[in-house]
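Thanks for passing this one along. Here are my notes, written as numbered points so that you can follow them with the structure open.

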Amino acid sequence: VRAPYLRVGGNEQFNMMTDQFFLYDSSITAPLGRVPIWPYTLQFRMPHKCHGNAKNCPSRAHEIWEMPINELDRRDDPNFDEQLTGCHLVSSCSNIYYKEQFRSLLQHNFERHYSSNRAPLSLSFDPAWLISNKGFDDVLSEWMSFILATYTDVYFVTEIQVIQWMQNPTGTQSLRDFAEWKNKCQVKEQPYCSLPNPCPLTTRELPGETLRLHTCMPCPKMYPWILDPTGDGFSF
């Protein structure tokens, strides 16, 4: 789960996730620190301060994995520049204007993770940000190719694959035969619908805002939220 606008829903959100058999959440931001934070389970106390939007972190134990968003170091020159607050999404780094800055941001934060405790580096983007910044998508593609060509022990994986590896740690020499990473999603027959409904919806949780939900089902009455997961306008 990625909470809208990273507005974590506290214990109510994680109770819902447990009831509905969600595996992990990726809405909690870990503040920029000396070393990044590895994913953890919420069966125990969070290993960092509650940080980010509304600071409404869970206060009770939940059988959910948390894939924290480690804040990025957005300084142009980390060796000389003054300390700056981190940014949780790549697209929220407000001082990144040019392709060279973007490339430097990616490389520096990769090296920060790689040379310390090798916690997974989460790169979260707003697609509109990549589109509006001309050439940034090419920079990202080139950088990913460079990393894969330069480092034989680095992989671009999904968050579920991170959890699978943490549950069954495997050396890089054996990852070629890591069974969990060989599973493929085989799409058979035609997709359920080729033209989903773009539903402009509102929710009591965000008064005055209209959110667009794309679904192959009929549009619900309201935008689904923690206490109204079906969008029927009822509270549980």
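**Notes on the model**

1. Right after helix H1 comes phenylalanine 21, with a positive phi near 65°. Please keep in mind throughout that this is a predicted model. Phenylalanine 21 is not a glycine, yet its phi is positive. Most residues other than glycine have a negative phi. Phenylalanine 21 sits in the loop between H1 and E1. Is this residue buried or exposed? With a relative accessible area of 75%, phenylalanine 21 is exposed, because the cut-off for that class is over 50%.

2. Leucine 6 is another non-glycine residue with a positive phi, in this case near 60°. Its place is the segment before H1. Leucine 6 counts as buried because its relative accessibility is 9%, and the limit for buried is under 20%. So if you look at both residues, you will find leucine 6 buried and phenylalanine 21 exposed.

3. Helix H1 itself spans residues 10-19, and its buried residues are Gly10, Asn11, Gln13, Phe14, Met16 and Met17. Strands E1 and E4 are among the elements that cover them. E1 and E4 also turn up over helix H5, residues 159-167, where they are part of what covers its buried residues. Those buried residues of H5 are Gln161, Val162, Ile163 and Gln164.

4. How are the strands of the open sheet ordered? There are three of them, running E1-E4-E3, and their pairing is mixed. Strand E1 (24-25) and strand E3 (40-41) are the edge strands, each with a partner on one side only. E1 pairs with strand E4 (residues 65-66) in the parallel sense, over two bridges. If you would like a spot to zoom in on, tyrosine 24 stands opposite tryptophan 65 of E4.

5. Next, the helix pair H2 and H4. Two packed helices are described by the angle between their axes and the distance between the axes. Helix H2 covers residues 99-114 and helix H4 residues 136-150; their axes come within 10 Å and cross at roughly 35°. The crossing of H2 past H4 is right-handed. On the H2 side, the contact is made by Lys99, Phe102, Arg103, Leu106, Gln107 and Phe110; on the H4 side, by Phe136, Val139, Leu140, Glu142, Trp143, Phe146 and Ile147. Sorted by class, this contact has nine nonpolar residues, one polar and three charged. When you turn the model, remember that an α-helix has 3.6 residues a turn, so residues three or four places apart point the same way.

6. Which residues have the most contacts inside the largest nonpolar core? They are Ile96, Phe102 and Trp129, in a core of 18 residues. H2, helix H3 (127-132) and H4 each contribute at least two residues to this core. H4 gives the largest share, with five residues. Isoleucine 96 touches Gln101, Phe102, Leu105, Trp129 and Phe136, leaving out residues up to four places away in sequence. Another core, of 12 residues, lies apart from this one, and Met16, Met17, Tyr40 and Cys57 are among its members. Met16 and Met17 are also listed among the buried residues of H1.

7. Proline 31 deserves a look as well. This residue lies in the loop between strand E2 (29-30) and E3. Proline 31 is partly exposed because its relative accessible area is 30%, between the 20% and 50% cut-offs. Not counting neighbours within four places in sequence, proline 31 is in contact with His48, Lys49, His51 and Glu71. From proline 31 to histidine 113 the C-alpha distance is 14 Å, across 82 residues of sequence.

8. Finally, isoleucine 226, in the segment after strand E7 (211-215). At 21% relative accessibility, isoleucine 226 counts as partly exposed, since buried requires under 20%. Its contacts, leaving aside residues up to four places away in sequence, are Gly9, Glu12 and Gln13. Gln13 is one of the buried residues of H1. Isoleucine 226 and proline 196 are 30 residues apart along the chain, and their C-alpha atoms are separated by 23 Å.

Key
Residues numbered from 1 in each chain as written. Predicted model: local features only at pLDDT ≥ 70, side-chain atom pairs only at ≥ 80, totals over all residues. Heavy atoms only, no water. Pairing = 2+ DSSP bridges. Helix = DSSP H or I, 4+ residues; strand = E, 2+ residues; numbered from the N terminus. Axes fitted to C-alpha atoms, helices over the stretch in contact; angles between N-to-C directions. Left-handed = near helix turned anticlockwise from the far one by under 90°. Contact = heavy atoms within 4.5 Å. Nonpolar A, V, L, I, M, F, W, Y, C, P; charged D, E, K, R; others polar. Core = buried A, V, L, I, M, F, W, Y, C linked by side-chain atoms within 4.5 Å. Buried < 20%, exposed > 50% of the residue type's maximum accessible area, 1.4 Å probe, protein only.
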